[in-house]
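Biologist: Give me a close look at one part of this model, please: the pairing of charged side chains and its surroundings. I'd like one connected story.

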Amino acid sequence: MKNILLIFIAINGIIFPFCRMAIGQVPDTPAFLKDRGTGIPTSMFSTYINKGEFIIYPFYEYYYDHNFEYKPAELGHSLEQDLRGRYRAHEGLIFIGYGISNRLAVELEAAVISATLYKSKADSSSMPAELKESGLGDVETQIRYRWANESLSRPEIFSYLEIVFPFQKNRKLIGTRDWEFKLGSGLIKGYRWGTVTLRAGIEYDAEEKKAGLGEFAIEYMKRISKTIRVSFIVEGSEDEVSLISDLQFHINKNMFIRINNGFGITSKATDYTPEAGILFHF
């Protein structure tokens, strides 16, 4: 019994100080910044970057969809008809961000992916029963700019420009075949009960030569302890809308674990998209 007590005391002596320094607060941080701190919002949910800071985030994402919409003609087959098949994909990604100043940050994200589309029973085209592709996925960069800092009475205002590179001109299921540009803006406001972020944008697809409304999102984030932050997000584009939960466990001031789950709300959204990774910031 004595040995067990000594072990218990030793473990607590290591773990508790370790957790206390995980996401420590600056004593004079305003109440409306308690959840998120003073950084610029990145494209990763509930993740912020400060001047001179690097973020490196390797992560994994899985895609499960039982009614994935596709058109055989767009996949190199003859049938001009919208059909629903089953879709599965495994994706490994790397996200890198850098805070240039208190107002300006840049990002780069790249992926490798393995995707499979299972043909619909109603598909009479020459498409095989399973269409598989693997290789380089989407590669994109963002520039993010803070126009105004949050104050007691005013939300933070930010904008972003995203560029997706056409590195997979001959693939059908994976990557991007032509340039894509996305421009958006958002607002952030912290309250005693949590922090709310609203954003929306427009986008241009060079392959379709079409511009339109882009992605929108409503995000609620709350720090519930010194080591844990949680978020709930409704995110979508046109008729694809998902509900996303995000959990961050801050191991120390330079590292935290992210566990993210996306659930399709509309039929054209992917049914389930879990994500997990470890984020490092220095």
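**Charged pairs and their surroundings**

Modeller: Arginine 36 and glutamate 156 are both buried (under 20% relative accessible area; exposed is over 50%, partly exposed in between, with a 1.4 Å probe and protein chains only). Bear in mind that this is a predicted model, where local features need pLDDT of at least 70 and side-chain atom pairs 80 or more, while totals for chains, interfaces and linings use all residues. Residues are numbered from 1 along each chain as its sequence is written, and side-chain values use heavy atoms, leaving out hydrogens and water.

Back to that buried couple: arginine 36 forms a salt bridge with glutamate 156, and their closest N and O atoms sit 3.0 Å apart (a salt bridge puts a side-chain nitrogen of Lys or Arg within 4 Å of a carboxyl oxygen of Asp or Glu). The two partners are 120 residues apart and link distant parts of the chain: arginine 36 is in the loop between α1 (2–20) and β1 (40–41), and glutamate 156 is in strand β7 (residues 156–164). Helices (H or I, at least four residues) and strands (E, at least two) are DSSP runs, numbered from the N terminus. The couple isn't on its own, either: Arg36 and Glu156 belong to a network of salt bridges with Arg146, Glu150 and Lys189. Searching the whole structure turns up 18 salt bridges.

Another one joins arginine 144 to glutamate 107, with closest N and O atoms 3.9 Å apart. Arginine 144 is in strand β6 (residues 130–148) and glutamate 107 in strand β5 (residues 104–118), so this pair ties together parts that are 37 residues apart in sequence. Arginine 144 counts as buried because its relative accessible area is 4%, and glutamate 107 does because its value is 6%.

Now compare glutamate 130 and lysine 132, whose salt bridge has its closest N and O atoms 3.7 Å apart. Glutamate 130 is partly exposed at 40% relative accessible area, and lysine 132 is exposed, with 57% relative accessibility.

Glutamate 130 also leads us to the nonpolar side of things. Leaving aside neighbours within four places in sequence, leucine 117 is in contact (heavy atoms within 4.5 Å) with ten residues' worth of company that includes Glu130, Phe68, Tyr70, Leu75 and Leu173. Leu117 and Leu75 touch the most other members of the largest nonpolar core, which has 14 residues (a core is a set of buried Ala, Val, Leu, Ile, Met, Phe, Trp, Tyr and Cys residues joined through side-chain atoms within 4.5 Å). Strands β3 (54–70), β4 (83–99) and β5 each supply at least two residues of this core. A second, separate core of 12 residues includes Ile49, Ile55, Tyr57 and Leu279.

Strand β6, home of arginine 144, has a nonpolar surface side as well. Tryptophan 147 is found in β6 and counts as exposed because its relative accessibility is 53%. Trp147 is part of a nonpolar surface patch whose members, among them Tyr145, Ile157, Phe216 and Phe263, have about 950 Å² of accessible area together. Patch residues have over 30% relative accessible area and no salt bridge; like charges are joined within 9 Å, nonpolar side chains (Val, Leu, Ile, Met, Phe, Trp, Tyr) within 5 Å, and areas come from the Shrake-Rupley method with a 1.4 Å probe, only the protein chains shown counting as cover for residues. β6 and β10 (210–223) each supply at least two residues of the patch.
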